[in-house]
Amino acid sequence: MKTELNAILPEIAVLVSACVILIADLFVPQAKRHVSFWLTQFALLATIWIVVATAQVAPVRAFSGMVVDDMLSDVLKLFALVAVSLMLFYSRAYLMARGLFRGEMFVLTLFALLGMMVMMSAGSFLTVYLGLELMSLSLYALVAMQRDSSAPSEAAMKYFVLGALASGMLLYGVSMIYGATGSVDLDRVAEATLGGQGNRTLLAFGLVFVVSGIAFKLGVVPYHMWVPDVYHGAPTAVTLLIGTAPKLAAFAFTLRVLAGALKGLEFDWQGMLVVLALLSMVLGNLVAIAQSNIKRMLAYSTIANMGFMLMGFLAADLNGYSAALFYTVAYVLTSLASFGVVLLLSREGFEADLIEDFRGLNRRSPWWAFIMLLVMFSLAGVPPTLGFYAKFAVLEAAVNQGFVWLAVVAVLTSVVGAFYYLRIVKLMYFDDPVDDSPIVARGDARALLSANGIALLVLGILPQYLMGLCTLAVTQSYF
Amino acid sequence: MLENYFPVLMFIAVGLAVGGSLLAVGRLVAPHRPDPRKNSPYECGFEAFEDARMKFDVRYYLVAILFILFDLEIAFLFPWAVVLPDIGFFGYAAMMIFLAILVVGFVYEWKKGALEWE
Amino acid sequence: MLFSTAVFYVFAAILVFAALCVITVRNPVHAALWLVLSFFTAAAIWLLLGAEFLAITLVLVYVGAVMVLFLFVIMMLDVNFEDLRRDFRSYLPVGAAVGLLVLLEMVLVIVAGTAGAGSAGSLPAGSNTQALGRLLYVDYVYPFELAAVLLLVAIVAAIALTYRRRRGAKVQDPGAQVKVRREDRVRLLEMPAEKRDG
């Protein structure tokens with residue numbers, strides 16, 4: 001019992017603190033709302049400590065195989081916790097200016113995080129699904145939190161309807177897999193599929209629906225329709241949340257289901273992922289050029305990036321999975337900083353979400369222009385930033401497994417992608433500002449955002465530690 | 001096990017038969033002389049002003065959804081009560097945690113004022 | 001066995017008919033009522049399969065509660081459904097294509113043979129509700145607690161999204177009404193008796 005509880009200790013910590021904050025917040029007057037904020041930050045910090053303290057190399061299975069606590073889940077949880085903590089720091093002023101600095105905001109964020117953590121250490125399709133729903137339900141509500149304007153409500157509605165459809169497809173696929181193998185436990189499904197048991201047709205159809213569900217959650221073409229609208233319509237703080245930590249959960253979902261449970265169908269899903277990756281990279285990068293809103297542009301950039309990540313994944317070996325994990329972490333760190341700068345530039349009544357708003361940023365503040373430069377370089381894959389090494393590792397893994405033509409397409413589309421990232425750099429450095437208002441931000445947000453930006457550079461120069469961690473995590477669980 | 005439900009099946013069948021036959025008898029025997037005046041909606045002698053369908057206050061929805069959530073909670077209690085002797089303290093504790101989590105929600109909605117109608 | 005098979009076919013026919021009516025009737029309220037009938041017959045089919053508890057839950061939760069919410073929402077939306085139907089023809093080709101594709105897949109799956117391992121087939125001894133309970137609160141305790149968290153999130157989200165405190169609304173507070181003492185409401189004044197004028 002004790003080891004079982006140890007395995008879910010981080011989840012328990014997040015759940016208990018979410019409940020405590022939910023109740024405590026009711027007794028806090030609006031003027032002292034920062035009490036809830038700091039309680040949330042403290043809970044996140046404590047959970048980080050728990051994850052690190054209970055980390056162990058050998059995987060532990062608990063609750064009749066429902067939960068797997070291994071290095072992979074610990075690494076992913078760690079980055080998700082950091083991402084959520086940074087998201088709250090970056091968006092504090094933004095939320096205050098828009099009347100969103102409410103207890104429910106923090107509590108729903110924590111519940112979304114709990115859902116992600118459940119997904120990250122899921123050992124059964126049942127847990128994967130419940131974690132996914134917990135995360136999605138909280139995110140739908142967060143998108144709609146700003147009740148008085150119509151864009152967030154519309155975005156939430158689209159997100160909800162399409163998300164429900166994706167969940168339905170996923171469940172349909174899982175039911176087929178259950179029908180063919182007689183189990184929803186990921187390990188037992190893996191045994192059955194590797195042993196050639198079960199009806200192949202049924203499994204193949206189940207796989208199609210499960211991959212559709214995964215593709216929706218990752219937001220890759222042709223299941224990407226929700227991404228631009230939700231990124232654009234949601235309050236930027238929520239966009240930041242949706243664009244970062246859930247990608248880690250979606251990666252865990254993909255790895256546990258495809259590389260774990262459905263490893264016996266590797267050949268089948270590789271083909272599907274090739275199509276998804278190819279379409280996402282081409283469409284994401286081409287459509288991003290035409291955007292004038294930076295949130296929309298970053299949404300298409302997400303689509304392209306997730307496609308790129310899948311290219312590493314479909315190599316389906318240790319290097320491929322490690323590179324894909326590294327790519328996801330790198331993307332999340334970069335994405336945090338990119339939306340962090342957008343949040344920094346916004347103020348009461350002004351969203352700073354147009355590309356034009358970045359014009360002449362260098363004159364207004366050379367430091368933030370430099371941070372944004374690092375972010376754009378990292379997204380475009382310019383050395384020596386983190387994004388360059390991530391792209392390099394993924395390409396290497398794909399080429400080693402013989403997907404040379406796909407790698408060529410990936411490089412070509414990345415060159416196209418570099419155009420719109422570098423356009424922002426050009427606007428920042430070579431154009432005159434249209435708006436000279438000073439940039440005000442809290443000290444903690446400034447310090448953390450600077451550290452985040454610098455980390456993109458430092459980790460890009462010294463990627464071996466992060467890469468080592470990713471390889472270790474994947475090795476312990478899947479090789 | 002299915003034999004136990006045979007009375008229910010009979011009940012449904014008899015219910016349908018009685019209801020259906022009464023409607024049929026009414027349709028066959030009663031005088032039926034439609035008239036445009038008779039079929040028009042009657043509103044104190046005026047033509048109908050507007051569509052009968054109108055917007056509901058969103059508060060009804062809130063009450064309904066809170067009801068459903070606690071209804072679901074109760075649904076989980078049935079099988080628990082049936083097997084309580086078998087599952088021992090572990091099962092008892094599991095349900096207590098389940099209830100505690102929902103009590104948090106209940107405290108929240110009460111203190112928030114969502115249960116007050118005004 | 002033959003009798004229960006006949007009953008199954010009767011309920012299955014009603015279910016298919018009711019489900020068809022849900023998507024073809026013009027009035028959304030009627031569609032919701034047909035959906036109630038489909039839930040009922042689906043519950044009856046589950047009962048035939050021996051899933052007593054699930055069948056009763058389907059009736060209690062879906063027919064009793066979820067459908068009421070559906071009707072609320074249909075009434076609350078105040079949408080003119082005839083307008084929505086006008087584009088039906090333009091969506092028809094795509095919809096029909098997707099429908100045919102799904103049908104084809106189902107046929108392929110069925111033709112290729114029914115479920116392979118089939119280890120989920122045998123019914124445990126004792127009542128179905130007991131079997132469910134023994135699994136749900138012991139082996140599946142983790143998903144069970146997660147279900148509670150999901151319900152909690154639904155409570156928080158529903159209140160955070162729809163609840164507004166109205167200002168200036170007049171509310172009765174029964175507690176305060178009961179607690180009132182005579183001294184709070186009644187003031188006894190000493191007044192000198194007045195003399196009647198002549």
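**Exercise 1.** Where is the place of Pro222(A)?

*Solution.* Start with the ground rules: this is a predicted model, where local features need pLDDT of at least 70, side-chain atom pairs count only at pLDDT 80 or more, and totals for chains, interfaces and linings use all residues. Residues are numbered from 1 along each chain as its sequence is written, while chains are lettered from A and ligands numbered from 1 in the order in which they are written.

Now the loop. Pro222(A) sits between helix 9 and helix 10 (226–233) of chain A; helices are DSSP runs of H or I with at least four residues, strands are E runs of at least two, and both are numbered from the N terminus. Val221(A) and Pro222(A) are joined by a cis peptide bond, with omega about 5°. Step back to Gly219(A), just after helix 9 of chain A, and you find a positive phi of about 75°.

**Exercise 2.** Check the span of helix 9 of chain A against what its residues should give.

*Solution.* The expected span is 1.5 Å times one less than the number of residues. Helix 9 (residues 200–218) of chain A has 19 residues, so it should span 27 Å; the end C-alpha atoms are 26 Å apart, which agrees. Next, its cover: 15 of the 19 residues in helix 9 of chain A are buried, meaning that 20 or more other C-beta atoms, placed from the backbone, lie within 10 Å of a residue's own (12 or fewer is exposed, in between is partly exposed).

**Exercise 3.** Find the other cis peptide bond described here, at Pro384(A), and two positive phi values outside glycine.

*Solution.* The bond from Pro383(A) to Pro384(A) is cis, with omega near 5°. Pro384(A) lies in the loop between helix 17 (366–380) and helix 18 (386–400) of chain A.

Then phi. Ser64(A), not a glycine, has a positive phi of about 45°, and its place is the loop between strand 1 (60–62) and strand 2 (67–69) of chain A. Ser64(A) counts as partly exposed because it has 16 C-beta neighbours inside 10 Å. Ala352(A) has phi near 55°, again positive in a residue other than glycine. Ala352(A) belongs to the loop between helix 15 (318–345) and helix 16 (361–364) of chain A, and it is buried, with 20 other C-beta atoms within 10 Å.

**Exercise 4.** Does the radius of gyration of chain A agree or disagree with the globule rule?

*Solution.* The rule is 2.2 Å times the number of residues to the power 0.38, and the radius is taken over C-alpha atoms. For 479 residues, a compact globule would come out near 23 Å; chain A has 21 Å, which agrees. The C-alpha trace of chain A spans about 65 × 55 × 40 Å along its principal axes. Inside are 21 helices and two strands, and buried residues make up 60% of the chain.

**Exercise 5.** Which helix of chain C gives the most to the side that touches chain B?

*Solution.* First, size up the contact: 44 residues come from chain C and 46 residues from chain B, a contact being two C-beta atoms, placed from the backbone, within 7 Å. Helix 7 of chain C gives the most to its side, with 13 residues. That side of chain C divides into 32 nonpolar, seven polar and five charged residues. Here Ala, Val, Leu, Ile, Met, Phe, Trp, Tyr, Cys and Pro count as nonpolar, Asp, Glu, Lys and Arg as charged, and the others, Gly among them, as polar.
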